[in-house]
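Student: I would like to go through this model term by term. Please set each value against its definition.

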Amino acid sequence: MKALIIGAAGFVGGYLIRELNAAGWEVHATCLPCESISGDCTVHTLDILRKDDITPLLDETAPDVVYHLAAQSSVAVSWKKPQLTAEINVIGTINVLEALREAKKQDTRILLIGSGEEYGYIREGACPLGESEPLNPGNIYAATKACQGMIGEIYARAYKMDIVMVRAFNHSGPAQSSIFVISDFCRQIAEIEKGMKEPVISVGNLSAKRDFTDVRDVVRAYRLLGEKGRKGTVYNVGRGRAVPIQFILDTALSFARLPIEVKQDPGRMRASDIPLIEPDVSRIAADTGWSAQITMEQTIEDTLNYWRNIE
């Protein structure tokens, strides 16, 4: 199998490269000129907002599966930069799909990586959320990802393209940016242990319940969907069990090497926060046999140790 990972310089890209390497795939991966990629792969420079650059790359690499990871993936950033978020997540995706269509590569599978945030304002009693649940996005990032998925479904139907849509719920692990909650808590604890800041951890809303999966489990799901997923189908990828952010904080603090005070920071509260998001992951389990294997405690401990080793 040959893969092209578009947008591989981000957090998930490196893990996906290693996962595909371990399975014996040949891997090509793209990044922006200002970025770099680590891993055993052939690296290509690509900006998905430049559509004319995508077609030659597809001809050169001839992938069996395209993993479309390129995105503006932060909810917080999407509130601050809505236009940039829409350009990358919607226009960029259309450029990739159009390049595949025009190159007559209908047999090339593409995984469009969306988000559990797409479900948004969830009706009472809807959780766990099946893939047929109506989408009602509650933030800018989620709206762009819902649009991406809808466009993918249209291309799959209209042009008979082999497109698999993924709604990935929160995933975390070592080396994730600290704009995301698990990595944020772990970074703060590590800095406190090193004496870089006072023994106070700043937090936002601790009552929201979210589903968290280790990134190493998530990329295994992506590989299996590349191999076994059904074309034109949407798949939730997540643990299937939501926990309060308070649980994440308490678990991270349980690994701390000294007492730490908790202080709520109004600046960390989102303009709109959804109380509960939890997926039904029976579809991916049935079609691929996948389920999350790495415990949340292990993910948090590994992430904390990553930050402890950062100089």
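Student: Which residue stands opposite Thr213 in strand 9?

Tutor: His171 does. Strand 7 and strand 9 run parallel and are joined by 3 bridges. Strands and helices here are DSSP runs, numbered from the N terminus (E, at least two residues, for a strand; H or I, at least four, for a helix). The model is a predicted one: local features need pLDDT of at least 70, side-chain atom pairs count only at pLDDT 80 or more, and totals for chains, interfaces and linings use all residues. Residues are numbered from 1 along each chain as its sequence is written, and side-chain values use heavy atoms, with hydrogens and water left out.

Student: How do you know that strand 9 and strand 11 pair?

Tutor: Count the bridges. Strand 9 (residues 209-214) and strand 11 share 3, in the antiparallel sense. Pairing takes at least two bridges found by DSSP, so these strands qualify. One partnership to look at is Lys209 with Pro244 in strand 11.

Student: What makes strand 7 and strand 11 edge strands?

Tutor: Each pairs on one side only. Strand 7 covers 170-172 and strand 11 covers 242-244. The open sheet has 3 strands in the order 7-9-11, and its pairing is mixed. From one strand to the next, the twist averages 55°.

Student: How many residues of strand 9 are buried?

Tutor: The count is 5 of 6, and the strand is mostly covered. Buried means under 20% relative accessible area; exposed means over 50%, and partly exposed lies in between (1.4 Å probe, protein chains only). Helix 7 lies across strand 7 and strand 9, at about 75° to strand 9.

Student: Why is Arg239 called buried?

Tutor: Its relative accessible area is 18%. That falls under the 20% limit, so Arg239 counts as buried. Arg239 belongs to the loop between strand 10 (234-237) and strand 11.

Student: Which residues is Arg239 in contact with, neighbours within four places in sequence aside?

Tutor: Among them are Asp211, Phe212, Thr213 and Asp214, along with Val281 and Met296. Contact means heavy atoms within 4.5 Å.

Student: Why is helix 1 called oblique to helix 7?

Tutor: Helix 1 (residues 11-22) and helix 7 (residues 215-228) pack at about 60°, their axes 9 Å apart. Angles under 35 degrees are roughly parallel, over 145 roughly antiparallel, 65 to 115 roughly perpendicular, and the rest oblique. About 60° falls among the rest, so helix 1 is oblique to helix 7. The axes are lines fitted to C-alpha atoms, for helices over the stretch in contact, and angles run from 0 to 180 degrees between N-to-C directions.

Student: Which hand does the crossing of helix 1 and helix 7 have?

Tutor: Right-handed. In that case the near helix is turned clockwise from the far one by less than a right angle; anticlockwise would be left-handed.

Student: What classes of residue make up the contact of helix 1 with helix 7?

Tutor: The split is 8 nonpolar, no polar and 4 charged. Ala, Val, Leu, Ile, Met, Phe, Trp, Tyr, Cys and Pro count as nonpolar, Asp, Glu, Lys and Arg as charged, and the others, Gly among them, as polar. Helix 1 contributes residues including Phe11, Tyr15 and Glu19; helix 7 contributes residues including Val215, Arg216 and Tyr222.

Student: Why are helix 6 and helix 10 called oblique?

Tutor: Helix 6 (residues 181-193) and helix 10 (residues 296-308) cross at roughly 45°, and their axes come within 8 Å. That angle fits none of the other ranges, so the pair is oblique. The crossing is right-handed. Here the contact has 7 nonpolar, 2 polar and 3 charged residues.

Student: Is Lys104 buried or exposed?

Tutor: Exposed, at 69% relative accessible area. Lys104 sits in the loop between helix 4 (82-102) and strand 5. Its phi is positive, about 55°, although Lys104 is not a glycine. Most residues other than glycine have a negative phi.

Student: Why is Lys160 called exposed?

Tutor: Its value is 60%, and the cut-off is over 50%. Lys160 also has a positive phi, about 60°.

Student: What makes the Cys127 to Pro128 peptide bond cis?

Tutor: Its omega is near 0°. Pro128 lies in the loop between strand 5 (109-115) and helix 5 (140-159).
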